[in-house]
Amino acid sequence: MSIADLGLWQWFALLQHELLLFAGIFFLIGAADDLAVDALWLWLRATSRVTTPVRRRAALINRPLHGPAAVVIPAWQEAAVIGDTISHLLASWPQTTLRLYVGCYRNDPATLAAAAAAAKGDPRLRLVIHDRDGPSTKADCLNRLYTALATDEARSGRRFAMVVFHDAEDMVDPAALGLLDESIAMGADFVQLPVEPLVQRHGTWLANHLGSHYCEEFAEAHGKAMVVRDWLGAGLPGAGVGCAARRGALERLAAEHGNGLPFASDSLTEDYELGLGIAAQGGRCRFVRTRGEDGRLVATRAFFPDRLDHVVRQKSRWVLGIALQGWDRIGWAGGLLEGWMRARDRRGPLAALVLLTGYALVVLTVLGGLAIISGVGEPVPLTPLLEFLLIANLAAFGWRAAMRFAFAAHEYGLIEGLRAVLRLPLANVVAIIAGRRAVFAYVGTLGGRAAGWDKTEHGVHPVRLGMPSGVQSR
């Protein structure tokens, strides 16, 4: 029988077969990739090659810094949270050798007023007003902050030992500054601490789950993937918050760019590129995972976006900057190991396509079942290859769900671990929509459209809900 002679049911069965083959193969490739990281992490834990040390928080909070530290926070339309972030940070980090730089725009008076009011006369705060209207890009704002701190260094004759990066909505850990300072003093050029999204309970049912699905993603990424990456010695992508760079490392990046600035102003994921750029120059990068004696991680905490359009906007920016622009901007240099890590980072668009195919197959399977029940069609036997792919992927999904549960439950409790598994379809739908949006945005940049600060909105700071640093709602 030729293709031209196929009937409607035969075309349906052929389409289902080809989609099953495509999705099954690529799901299995992704599963093998994840399984390799899982196996490495399990081996490292079993052999005690990596551990999570316990430190006294008071010792980290009260210790003097090895050298002056600058904290930089870029802010555009952040009047709702910037005041709480500033006041909490200055209270949590009392070291007199700290200086906080907050970058605002001249056409954003609300953010500027909120930041100024939060200072309460603390001389460690410097508000830096950009000389252009916002929004530009976060990288551009960071460059303006870098210029301001470099100017202060020249005027005072005092050089900062490290620069710490945070976002306008962050709730810093009181012990984090001491830990970052210690790591830089011990020879690291770039240090990343864990990020721990806060479980949300103050919104609608959908908003709470949208905002909380970041919890399990970061619990697994910063509890396993970054730990393995650090042990392998691969370049560490920065999260943009809770990270620090040695002052000299930033200076070398600025010299490499040729304009005296460490960030490419058109980059949408300057934080991701920061750690990789320092590693490419031969700098030592560290992921430092430590707990206090209270059992809580020394980590940066915040509420993440809880509206679907905001979540999609944020994740599409990550996919666009890391997977698509990152391919153009930083390529694949660094050898086999670095190539593996970058391939993992850049699989977002392909993963979105495969997930979309998987959900399309669910719909086709339901329609096919209805057709068989109604007598319109007849069952089509699976080939041995498809049987193998289905069984292997089912086992891989079970393993993935178990890992997601384990990491989420370890940080947030058993109930949240169960919710993490139930939220997998929600996370997949977000990934599909964000992947599509990122691809269309990338096509736009190829046509000459300039990158902009496609930021997400932040409505409430954790301190407003009475959450002290590190306390999770369970």
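A nonpolar patch of about 670 Å² lies on the surface of this predicted model. Seven residue names describe the patch: Tyr359, Val362, Val363, Val366, Leu367, Leu370 and Ile373. One of them, Val362, belongs to helix H12, which covers residues 348-373. With a relative accessibility of 48%, Val362 counts as partly exposed, because the label "exposed" is kept for values over 50%.

A quite separate topic is the setting of His213, a residue of helix H7 (residues 205-232). The relative accessible area of His213 is 0%, so this residue is buried. Its side chain nevertheless has polar partners. A polar atom of the His213 side chain lies 2.6 Å from the backbone oxygen of Leu210, and the His213 side chain also makes a polar contact of 2.7 Å with the side chain of Lys315. Once neighbours within four places in sequence are set aside, His213 is in contact with Val311, Lys315, Arg423 and Ala427. Lys315 thus appears both in this list of contacts and as a polar partner of the His213 side chain.

The backbone, too, offers some details worth a look. The peptide bond that leads from Gly134 to Pro135 is cis, its omega being near 0°. Pro135 sits in the loop that runs between strand S4 (125-130) and helix H5 (138-156).

Two residues other than glycine have a positive phi: for Ser48 the angle is near 60°, and for Lys120 the value is about 50°. Ser48 is placed in the loop between helix H1 (8-46) and strand S1 (54-55), while Lys120 is found in the loop between helix H4 (109-119) and S4. Ser48 has a relative accessible area of 52% and is therefore exposed. Lys120 is exposed as well, with a value of 72%.

How far the model can be trusted is a matter of its confidence scores. The protein has an average pLDDT of 92, and 96% of the residues reach a score of at least 70. Over residues 470-474, however, pLDDT stays under 50. For this stretch the model has 18 contacts beyond four places in sequence. Where pLDDT is low, predicted coordinates should not be read in detail. A friendly word of caution therefore goes with any close look at such a region, since low pLDDT means that the coordinates are not to be read in detail.

Note on methods: Residues numbered from 1 in each chain as written. Predicted model: local features only at pLDDT ≥ 70, side-chain atom pairs only at ≥ 80, totals over all residues. Heavy atoms only, no water. pLDDT = per-residue confidence, 0-100. Contact = heavy atoms within 4.5 Å. Patch = residues over 30% accessible without salt bridge, like charges linked within 9 Å, V, L, I, M, F, W, Y side chains within 5 Å. Areas by Shrake-Rupley, 256 points an atom, 1.4 Å probe, with all protein chains shown as cover. Salt bridge = Lys/Arg side-chain N within 4 Å of Asp/Glu carboxyl O. Helix = DSSP H or I, 4+ residues; strand = E, 2+ residues; numbered from the N terminus. Buried < 20%, exposed > 50% of the residue type's maximum accessible area, 1.4 Å probe, protein only. Polar contact = N/O pair within 3.5 Å; in protein donor to acceptor, adjacent residues only side chain to side chain.
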